[in-house]
Amino acid sequence: MANGNETALRHCRFLNEDYFQELYDTFIEAFSDYVVPFALTETQFRNHIILTGVDLERTAGCIRTNELVGFSLNGFGHWGGRLTVYDAGTGVIPDHRRQGVSKEIFAFMLPVFKDRGFEQYLLEVVTTNAGAIDLYAKLGFNVARELALLQCDGELNASVHEPPNNEIRDIHDPDWDLILSFWDGKPSWQNSVDAVKRSMKMKKFLGAFEGGKCVGYIVFSPKFGRVAQLAVSKDHRNRGIGTALVRAMKTEMADGFSMQVINIDKSITTAMNFFLNRGFFERLSQHEMVKEM
């Protein structure tokens, strides 16, 4: 625990664009020993900020004698019809852990967000991170659902042939009403419709068409092979369309990367079984947690 002198040397504040370089450096140091490698380039870090809707002027930092030692990247939007703050990454550099830094950051920023009309705070935490889970529980967060990171290191385990009369092509202007009708559940914050719209320049959007009609689609990061969304019309399932879309994604990947599905709702059994049956495995799981303001 932090002693009184240590706490007195620290203060929390909201950051801004001027802090970008220091925030990036602190982010890299804070996540250097994370359970999943998270060594982003500056460009990737900027893309993460865009994807998750982060506002640097409402991102909180903890500063000790002019050094940024901890932070909480905050994204903003609607979630379940409610004004929401999203934790796009909270971290503390190793030398300042177990000193109450994260607790101080939340104690500083949560009352501000509540006063500004936000109704809930949303985050994800790896299920094996007992310390963070305990902190969030004490702060009033409750588990909403379980999310999985799925990964496939080799070839797809699928003998399904390409469906006849199926054409896969780029989608530039998605019909979201049609696409949402394919869903069996709701994606996570960073895979939501709003997130896809924010990051469209970084994504590839492919549709599977039969007779000129879209019957399935996939949204992914082309170089890395990370699936944001994949769904097939309920009337066209079990015909190889989903597999064809994943195969099309694989052709867009750079060498040395594994296909991934990040933060898929584990209760959507149709989607989970699809990926697991094709050679993906569960690399880790996360709690999606929510705090009412």
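# Glutamate 67 and the chain around it

Leaving aside residues up to four places away in sequence, glutamate 67 touches Glu22, Cys62, Ile93 and His96; a contact means heavy atoms within 4.5 Å. The model is predicted, so local features need pLDDT of at least 70 and side-chain atom pairs count only at pLDDT 80 or more, while totals for chains, interfaces and linings use all residues. Residues are numbered from 1 along each chain as its sequence is written, and side-chain values use heavy atoms, with hydrogens and water left out.

Glutamate 67 belongs to strand S3, which covers residues 67–79. Glutamate 22, one of its contacts, is 45 residues away in sequence, and the two C-alpha atoms are 8.7 Å apart. Asparagine 66 is in the loop between strand S2 (60–64) and S3. The phi angle of asparagine 66 is near 70 degrees, a positive value in a residue other than glycine.

## The chain as a whole

The chain holds 9 helices and 12 strands; these are DSSP runs, with helices (H or I) of at least four residues and strands (E) of at least two, numbered from the N terminus. Its radius of gyration is 20 Å, close to the 19 Å that the globule rule gives for 293 residues, so the chain is as compact as a globular protein of that length. That radius is taken over C-alpha atoms, and the rule is 2.2 Å times the number of residues to the power 0.38. The C-alpha trace spans about 70 × 40 × 35 Å along its principal axes.

Of the 293 residues, 52% count as buried. Among contacts with a separation of 6 or more, 73% come from residues 24 or more positions apart. The exposed area of the chain is about 14,000 Å², and carbon and sulfur atoms supply 49% of it.

## Helices H2 and H3

Helix H2 (residues 20–30) packs against helix H3 (residues 42–52) at an angle of about 100 degrees, and their axes are 11 Å apart. H2 and H3 are therefore roughly perpendicular to each other, a term for angles of 65 to 115 degrees. On the H2 side the contact involves Phe20, Gln21, Leu23, Tyr24 and Phe27, and on the H3 side Glu42, Phe45, Arg46 and Ile49. By class, the residues of this contact are 6 nonpolar, 1 polar and 2 charged.

Histidine 48 is also in H3. Beyond residues up to four places away in sequence, histidine 48 touches Leu40, Leu73 and Ala88.

## Accessibility of single residues

The table uses three classes: buried is under 20% relative accessible area, exposed is over 50%, and partly exposed is in between (1.4 Å probe, protein chains only).

| Residue | Place | Relative accessible area |
|---|---|---|
| Histidine 48 | helix H3 | 13%, buried |
| Glutamate 67 | strand S3 | 37%, partly exposed |
| Asparagine 66 | loop between S2 and S3 | 74%, exposed |
| Arginine 98 | loop between S4 and H4 | 71%, exposed |
| Serine 181 | loop between H6 and H7 | 41%, partly exposed |

Two of these loops need residue ranges. Arginine 98 follows strand S4 (82–92) and precedes helix H4 (101–115); its phi is positive, about 60 degrees, although arginine 98 is not a glycine. Serine 181 is found between helix H6 (176–180) and helix H7 (193–198). Histidine 161 is 20 residues from serine 181 along the chain, and their C-alpha atoms are separated by 25 Å.

Note on methods. Axes fitted to C-alpha atoms, helices over the stretch in contact; angles between N-to-C directions. Parallel < 35°, antiparallel > 145°, perpendicular 65-115°, else oblique. Nonpolar A, V, L, I, M, F, W, Y, C, P; charged D, E, K, R; others polar. Areas by Shrake-Rupley, 256 points an atom, 1.4 Å probe, with all protein chains shown as cover.
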